[in-house]
Amino acid sequence: MKDVHVLQGLPAQVNKHCRVLVLGSMPGAVSLQEARYYAHPRNRFWPVMAALCGFDATLDYTQRMQQLQRAGVGVWDVIGQCQRSGSLDASIARGSEVANPLPALISSLPALQTIACNGGAAHAAFLRWVQPALPAVAVALPVLALPSTSPANAAWSLPRLLQVWGQLRPWLHTTQSP
């Protein structure tokens with residue numbers, strides 16, 4: 001693998017009112033460069049969450065993150081450090097992954113009601129590294145394997161993503177009527 005770099009993920013964006021924890025695998029190159037979650041302009045995360053939570057997807061990053069947290073949504077990644085060439089999950093060097101301390105975070109969130117994995121790689125990493133280390137009380141939380149909002153998942157249109165990600169609605173505090 002050429003140009004493999006050791007990458008450090010972004011900090012958790014979670015508060016004590018978090019009801020839904022959205023977990024990615026590892027931020028892509030644009031997100032890491034800009035130090036912002038889902039910064040790639042073609043990633044559909046922000047349009048999906050804005051539609052579900054009732055805010056404007058064109059707000060600046062700080063305002064979007066505030067709106068997410070008001071809706072009860074926290075964001076982090078399963079992998080906190082890894083070696084990868086480029087942005088694709090498939091380019092992560094197997095065995096280089098270091099998981100974020102998610103069991104401790106999950107245990108510290110009394111309002112948490114569900115965990116949503118953004119894509120298959122995030123879900124597989126969660127099952128491999130996080131779920132076995134969860135305390136008994138957290139094992140009962142629903143863990144949703146949602147389709148990736150990444151532009152690499154071009155087979156999924158925005159309307160299709162919205163339909164499936166709509167499973168999160170029961171746990172969201174929204175500013176729009178149902």
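Residues with over 50% relative accessible area count as exposed, and those under 20% as buried. In this predicted model, T58 is exposed, because its relative accessible area is 68%. T58 lies in the loop between α2 and α3. T58 and P47 are 11 residues apart along the chain, and their C-alpha atoms are separated by 8.5 Å. A second exposed position is V137, which counts as such because its relative accessibility is 71%. V137 belongs to helix α6, residues 136–139. Between V137 and S107 the C-alpha to C-alpha distance is 8.3 Å, with the two positions 30 residues apart in sequence numbering.

Helix α2 presents a contrasting picture of burial. Seven of the nine residues of α2 are buried, and the helix is mostly covered. The buried positions are F45, W46, V48, M49, A50, L52 and C53. The cover over these residues includes strands β2, β3 and β6 and helices α3 and α7. Just after α2, G54 adopts a positive phi of about 80°.

Two helix neighbours of α2 were examined in turn. Two packed helices are described by the angle between their axes and the distance between the axes. For α2 (residues 45–53) and α7 (residues 158–165), the axes come within 10 Å and cross at roughly 50°. α2 is therefore oblique to α7. The crossing is right-handed. From α2, the contact draws on F45, P47, V48, M49, A51 and L52. From α7, L158, L161, L162 and W165 take part. By class, this contact has 10 nonpolar residues, no polar residues and no charged residues.

The packing of α2 on α3 (residues 61–70) has an angle of about 45°, with the axes 10 Å apart. The two helices are therefore oblique to each other. Here α2 passes α3 in a left-handed crossing. F45, W46, M49 and C53 form the α2 side of the contact. Y61, R64, M65 and L68 form the α3 side. The contact of α2 with α3 divides into seven nonpolar residues, no polar residues and one charged residue. F45 and M49 appear in the contact with α7 and also in the contact with α3.

Strand β6 (residues 114–118) is among the elements that cover the buried residues of α2. Five of the five residues of β6 are buried, so the strand is largely enclosed by the rest of the structure. In a regular strand the side chains alternate between the two faces of the sheet. In β6, T114, A116 and N118 point one way. I115 and C117 point the other way. Both sets are buried.

β6 pairs with β2 and with β7. Strand β2 (residues 20–24) runs parallel to β6 and is joined to it by four bridges. V20 has T114 of β6 as its bridge partner. Four bridges also link β6 to β7 (residues 143–146), again in the parallel sense. A116 has L144 of β7 as its bridge partner. I115 stands opposite V143 in β7. The two faces of β7 differ in cover: L144 and L146 form the covered face, whereas V143 and A145 form the uncovered one. In β6, by contrast, residues pointing either way are buried.

A separate description applies to strands β1, β4 and β5. These three strands form an open sheet in the order β1-β4-β5, with antiparallel pairing. β1 (5–8) and β5 (98–99) are the edge strands, and each pairs on one side only. β4 (residues 79–84) pairs with β5 over two bridges in the antiparallel sense. Within this pairing, I79 stands opposite A99 in β5.

Note on methods:
Residues are numbered from 1 along each chain as its sequence is written. This is a predicted model: local features need pLDDT of at least 70, side-chain atom pairs count only at pLDDT 80 or more; totals for chains, interfaces and linings use all residues. Side-chain values use heavy atoms; hydrogens and water are left out. Axes are lines fitted to C-alpha atoms, for helices over the stretch in contact, and angles run from 0 to 180 degrees between N-to-C directions. Angles under 35 degrees count as roughly parallel, over 145 as roughly antiparallel, 65 to 115 as roughly perpendicular and the rest as oblique. A crossing is left-handed if the near helix is turned anticlockwise from the far one by less than a right angle, and right-handed if clockwise. Contact means heavy atoms within 4.5 Å. Ala, Val, Leu, Ile, Met, Phe, Trp, Tyr, Cys and Pro count as nonpolar, Asp, Glu, Lys and Arg as charged, and the others, Gly among them, as polar. Buried means under 20% relative accessible area, exposed over 50%, partly exposed in between (1.4 Å probe, protein chains only). Two strands pair if DSSP finds at least two bridges between them.
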